Amino acid sequence: MPHHPDGRGPAVFISYATADRTEVLKFHQDLLDRGIDPFLDIMDILPGDDVVMSINGALERSDFYVLVWSAAARDRYWVNSEISAAMVLEQRRARPFVFIVRLDDSELPPVLAPRRYLDAFGGRRQAAADQLTAVWTRDREVGTKVLPAPAPIPEPAPREEPTLHIYARNQSLRVSHEVRIPVGATSRDLVAALTEQLALPIEATEYGGAVGVRFAYRYRHAGESLAEDSDVPLALGEGDVVDIEVVVEPFGPDGALADPVSFLPGRDYAIPPEMIRELCEKAIEHLMADDPEDDQDSERE
């Protein structure tokens, strides 16, 4: 949701070194041309404004943060301060917030070295703007809150097997997670990747295993059910959505207490319902989004 009255969006904070201003202004225009609402200090902080307050406010209002990195940005006080603030915001929001665009081949600082980056030098500036716009737009089009995968795997080296970033979405839990799968993945590959990166449990128990819940999962893509054991390559593309349905089966000392049913927060299951709900929510709480009303309350404050 755009944070500015002209309806542009998403809102993006651009962090850069003053020595790179000429290139950054071109990148700023690239984002404007693609419907993005970029904040740039030289454009958006007016004479007489409190610089620190303006930057803090812009960071808080922004949907995403872009660090324009170069040799000139290294060890710059304002750049480092903005990076630190952006990393804190990313942790607080529990979703991807920090993005990196390089203007040269300078190494990233250690805290950012493991992250993906886009190169905007050598004639690739507009391609980088296209890629960022595609990511930010598709995040909104998923229709739920998008969170990082609970157990992400490292990005591959350039010469390793290429991968796709897709969304694993659960409509009942009102949440999606960005995960990575190999290009040309089969259903078997997909299920293995989702199981690993989402840390999907198969069981949660109490009283030494006498009472508990078994978990199973159903997968759909473009409205079609996916067979979990198929070795036929899937027609998945970058940014595609795979829907996940969590299925629970409560059990007790004498076996199943009820037929398997889809998990819905707050739903009553077999006796005792309070225990079943507690076990379910404890086992998959890392997949659950906050109540949307909480976000609305935060925006009103």
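Tyr77 counts as exposed in this predicted model, because its relative accessibility of 62% is over the 50% cut-off. Tyr77 is placed in helix 4, and it helps to build a nonpolar patch on the surface together with Val51, Val52 and Trp78. The patch covers about 420 Å². Two elements, helix 3 (51-61) and helix 4 (77-93), each give two or more residues to this patch. Trp78 is partly exposed, with a relative accessibility of 43%.

Aromatic contacts come next. The structure holds 7 aromatic pairs. In one of them, Phe64 and Trp136 have ring centres 5.3 Å apart and planes at 15°, so the pair is stacked; the cut-off for stacking is an angle under 30 degrees. Phe64 belongs to strand 3 (residues 64-69) and Trp136 to helix 5 (residues 125-141), so this pair ties together parts that lie 72 residues apart in sequence. Both partners are hidden from the probe to the degree that counts as buried: Phe64 has a relative accessible area of 5%, and Trp136 has one of 0%.

Tyr77 and Trp78, already met in the surface patch, also form an aromatic pair. Their arrangement is edge-to-face, with 5.7 Å from centre to centre and 75° between the planes. Whereas Phe64 is buried, Tyr77 is exposed. Elsewhere, a single aromatic cluster is formed by Phe13, Phe39, Tyr65 and Phe97.

Aromatic rings also meet charged groups. The charged end of Arg124 sits over the ring of Phe121, at 4.8 Å from the ring centre. Likewise, Arg214 places its charged end over the ring of Phe251, here 4.0 Å from the centre.

Finally, the backbone offers two residues worth a look. Most residues other than glycine have a negative phi. Tyr207, however, has a positive phi near 55°. Tyr207 is found in the loop that runs between strand 9 (203-206) and strand 10 (211-221), and its side is open to the probe, since a relative accessible area of 60% makes Tyr207 exposed. Ala222 is not a glycine either, and its phi is positive at about 55°. The loop that holds Ala222 lies between strand 10 and strand 11 (224-225). With 70% relative accessibility, Ala222 counts as exposed.

Methods
Residues numbered from 1 in each chain as written. Predicted model: local features only at pLDDT ≥ 70, side-chain atom pairs only at ≥ 80, totals over all residues. Heavy atoms only, no water. Patch = residues over 30% accessible without salt bridge, like charges linked within 9 Å, V, L, I, M, F, W, Y side chains within 5 Å. Areas by Shrake-Rupley, 256 points an atom, 1.4 Å probe, with all protein chains shown as cover. Salt bridge = Lys/Arg side-chain N within 4 Å of Asp/Glu carboxyl O. Helix = DSSP H or I, 4+ residues; strand = E, 2+ residues; numbered from the N terminus. Buried < 20%, exposed > 50% of the residue type's maximum accessible area, 1.4 Å probe, protein only. Phe/Tyr/Trp six-rings, centres within 6.5 Å; stacked < 30°, edge-to-face > 60°. Lys NZ or Arg CZ within 6 Å of the ring centre and 35° of its normal.
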